[in-house]
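Let's take a friendly look at the charged side chains in this chain and how they pair up. Have the sequence and the model at hand as you read.

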Amino acid sequence: MKRIILGIALISVTMGKAQDLNDIFVSGVADAERFANAYLSPVSEGAIYSISNGWYNTADAKPLGGFEISIIGNMTGFKNKDDKKAFLLDPADYENLDFVQNPGQARMVSTALGDIEGVEVFVQDQSGVFREDFELPSGLAAENLNFIPSGYLQASVGLIKGLEVKARFLPKIKFDDDAKLGLFGAGLQYDFTKILPADKVMPVAISAVIGYTNLNGEYDFTDSSTIDGSDQRIDANFKTWNFSAVVSTKNIPVINFYGGLGYITGKSDIDLLGTYEANGPFFSETVTDPFTVSQNASGVTATLGTKIKLGFFRLNADYNIAEFSTFTFGVNFGFR
């Protein structure tokens, strides 16, 4: 299922393992959809957490006209998340799919994050005369990739007292000939300590942050071997919200520390579009826009980080603890 992995690799800006999507269609559309949902849901969930981070590096809001431009990168790990790297495939839940070894018995198989390789399955008609065998795909861990990356540009500008607006952006870029990826988002930060008389002498700042991120990706894998006019492609859309309470030290010349408690929620929709031939040993079917894989994710997060200031040049790094934990690194330029 190389093309599905490549489509998700597009979403997370990484390179994944590959096999032909049409392998699964040999078992029929219903089986392909069931497998795709179980296979893709964990990597979609991880990507939701990945793009939701990086909204703040301090609780001390910028004054009117103060600004910061940042280059932000996230690495969302899943190395120790065995429950996200495999799922139990029970042939009884599938119409036509079964295992070559120990048929009829459920077993663990790889998700798009996993590393289980060499699992052979088959589709066979009732007479047993016509049969087709193929291998289920493994995932990113089989390629020694144990994280989901994301990255973007971000800008922050101070407005009225205590209020700061933010925007993030990754222009839609094309790579690997047929893959496209773009991201945008907007956020607000309000520093409550700015309304206190003792703000300038207080050692800490306390803020609320809200951020929305939208990521769109497309991978077109139509080629000469597909049906004329089939326009086979994957379209993916990720929408996430981050709600956080942030506290940070301030008035320290070079280095400050920050932390936050928050809640992340998001949804992904991965549409398999185009026309496909589901040709098994005992059936033939042509389908258009066969299915969508949707995933919702939400959870509480905690962040600890530090920021180094060297004039208008700043560096920050933090670690976000969540269902999928994320390391964030930022290179920042600006003044306040």
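## A pair to start with

Which residue forms a salt bridge with K307? The partner is E68, and the closest N and O atoms of the two lie 3.0 Å apart. This is a predicted model, so please read the distances here with that in mind.

Along the chain the two residues are 239 residues apart: K307 sits in strand 15 (residues 291–310), while E68 belongs to strand 1 (residues 67–77). Both K307 and E68 are buried.

## A second partner for E68

E68 also forms a salt bridge with R314, again with 3.0 Å between the closest N and O atoms. Here strand 1 is linked to strand 16 (residues 313–321), where R314 is found, and the pair spans 246 residues. R314 is buried, as is E68.

These contacts belong to a wider set: K62, E68, E164, K166, K307 and R314 are linked in a network of salt bridges.

## A bridge between helices

Now to another pair. E45 and K84 form a salt bridge whose closest N and O atoms are 3.0 Å apart. It connects distant parts of the chain, with E45 in helix 3 (residues 29–51) and K84 in helix 4 (residues 82–85), 39 residues apart.

Are these two side chains buried or exposed? E45 has 11% relative accessibility, so it counts as buried. K84 counts as buried too, because its relative accessibility is 14%.

## The overall count

How many salt bridges are there? The count comes to 12.

How values were computed: Residues numbered from 1 in each chain as written. Predicted model: local features only at pLDDT ≥ 70, side-chain atom pairs only at ≥ 80, totals over all residues. Heavy atoms only, no water. Salt bridge = Lys/Arg side-chain N within 4 Å of Asp/Glu carboxyl O. Helix = DSSP H or I, 4+ residues; strand = E, 2+ residues; numbered from the N terminus. Buried < 20%, exposed > 50% of the residue type's maximum accessible area, 1.4 Å probe, protein only.
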